[in-house]
Amino acid sequence: MPAVTVENPLTLPRVTAAADAVARPVLAVSTAPGGFEGEGFPVRRAFAGIAYQHLDPFIMMDQMGEVEYAPGEPKGTPWHPHRGFETVTYLIDGTFIHQDSNGGGGTIRNGDTQWMTAGSGLLHIEAPPESLVMSGGLFHGLQLWVNLPAADKMMDPRYQDIRGGQVQLLTSHDGGALLRVIAGSLDGHEGPGITHTPITMIHATLRPGAEVTLPWREDFNGLAYVLAGRGAVGTDRRPVHKGQTAVFGTGSSLTVRADESQDSNEPDLEVVLLGGRPIREPMAHYGPFVMNSHAELKQAFEDFQSGRLGTVPADAS
């Protein structure tokens with residue numbers, strides 16, 4: 001980790017917060033519990049225990065792996081429905097195949113992202129290719145759920161295939177951090193992901209001892225999830241480590257720092273930074289459906305059971 005990198009970050013555009021930026025305080029740090037998803041692949045529930053008022057418009061995020069599969073072990077998810085939100089699958093290591101009942105799909109690997117807008121509803125499946133099942137290998141990624149406002153919940157489904165080479169690469173003022181902008185904007189630099197709900201999603205790699213203070217939209221919330229390594233967040237340097245999420249308060253900049261010493265198997269601090277404009281609407285969430293009311297959830301289940309959310313393609317394997 002990571003798949004998308006550069007030999008010399010100093011060749012990239014540099015980003016730094018303005019001198020008069022207001023630093024965001026750290027409100028809380030939570031530790032993700034472990035669990036299993038789909039057919040049994042291990043996950044960390046990054047947002048477990050965090051109040052939705054701090055997450056909005058994000059619903060949940062799972063760190064999938066990091067796991068080294070033996071031959072025959074790689075697992076995925078069976079066909080299942082979604083309605084009312086967007087799923088973002090960011091694959092750091094390994095290979096995953098996506099297929100949905102709306103005709104979207106493709107293969108992602110090593111830094112690629114699949115952005116599926118479920119909207120009015122569809123069925124989809126995510127699974128490792130047969131070659132990976134046979135050989136085994138490293139698998140590591142994230143799945144993020146982003147809410148849609150009521151006005152967009154029943155929009156037509158959409159699928160985006162974002163290759164790792166398309167992400168906007170930036171660095172800190174001294175080149176100590178590599179910033180991959182997957183979606184949204186950072187200091188005027190746009191990521192390739194097209195979002196209905198305004199958000200920013202960044203994968204940052206900080207070398208040991210590096211610190212970065214980034215400009216952050218004041219109308220967005222701020223979250224930092226540690227994929228690997230150890231470091232600190234906020235100007236008061238609150239400690240964080242792998243599997244922890246930091247919740248930032250209001251302000252116009254946020255700060256992340258890597259510890260001087262890192263483990264040999266995780267030499268850098270790897271952090272996913274998220275920000276979004278809160279939707280501030282009622283949310284009714286159950287299983288694969290995220291709506292605004294229990295009546296809409298009930299309708300989603302009825303539509304799924306009656307086949308109105310799509311059918312498994314005849315050529316699906």
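**Note on the predicted model: sheets, ring pairs and backbone outliers**

1. L214 stands opposite L254, a residue of strand 23. The model in which this pairing occurs is a predicted one. The two strands concerned, strand 18 and strand 23, are joined by five bridges and pair in the antiparallel sense.

2. Strand 18 and strand 23 belong to an open sheet of four strands, arranged in the order 18-23-20-21 with antiparallel pairing. Its edges are formed by strand 18 (211-215) and strand 21 (238-241); each has a single partner strand, so one side of each lacks a neighbour in the sheet. On average, and with direction ignored, neighbouring strands here are turned by 25° against each other.

3. A further open sheet comprises seven strands, in the order 1-22-19-24-17-14-13, again with antiparallel pairing. Strand 1 (26-31) and strand 13 (168-171) are the edge strands, each pairing on one side only. The average turn between neighbouring strands of this sheet is 20°, direction ignored. At one edge, strand 13 runs antiparallel to strand 14 (residues 177-183), to which it is joined by four bridges. Within this pairing, T171 has L178 of strand 14 as its bridge partner.

4. E266 deserves separate comment. This residue is placed in the loop that connects strand 23 (253-258) to strand 24 (269-276). With a relative accessible area of 12%, E266 falls below the 20% limit and therefore counts as buried. Its side chain makes a polar contact of 2.8 Å with the side chain of K242. Apart from neighbours within four places in sequence, the residues in contact with E266 are A228, G229 and K242.

5. The structure contains four aromatic pairs. In one of them, the ring centres of F96 and F139 are 5.0 Å apart and the planes meet at 50°, so the pair is tilted. It connects distant parts of the chain, since F96 lies in strand 7 (residues 95-100) and F139 in strand 11 (residues 137-147), with their positions 43 residues apart. F96 and F139 are both buried.

6. The rings of Y286 and F301 also form a tilted pair, because their planes stand at 55°, with the centres 5.8 Å apart. Y286 belongs to strand 25 (residues 284-286) and F301 to helix 3 (residues 294-305), 15 residues apart in the chain. Y286 counts as exposed at 55% relative accessibility, whereas F301, at 28%, counts as partly exposed. Ring pairs join Y286 and F301 with F289 in a cluster.

7. Two cis peptide bonds should be noted by anyone inspecting the backbone. One joins D56 and P57, with omega about 20°; P57 is located in the loop between helix 1 (52-55) and strand 4 (58-69). Another runs from G65 to E66, with omega near 10°, and E66 is part of strand 4. As general background, most peptide bonds are trans.

8. Positive phi values are the remaining backbone topic. D187, which is not a glycine, has a phi of about 55°. Its position is the loop between strand 15 (185-186) and strand 16 (189-190), and at 44% relative accessibility D187 counts as partly exposed. R237, likewise not a glycine, has a positive phi of about 55°. R237 occupies the loop between strand 20 (230-233) and strand 21, and its relative accessible area of 45% makes R237 partly exposed.

Key. Residues numbered from 1 in each chain as written. Predicted model: local features only at pLDDT ≥ 70, side-chain atom pairs only at ≥ 80, totals over all residues. Heavy atoms only, no water. Buried < 20%, exposed > 50% of the residue type's maximum accessible area, 1.4 Å probe, protein only. Polar contact = N/O pair within 3.5 Å; in protein donor to acceptor, adjacent residues only side chain to side chain. Contact = heavy atoms within 4.5 Å. Pairing = 2+ DSSP bridges. Axes fitted to C-alpha atoms, helices over the stretch in contact; angles between N-to-C directions. Phe/Tyr/Trp six-rings, centres within 6.5 Å; stacked < 30°, edge-to-face > 60°.
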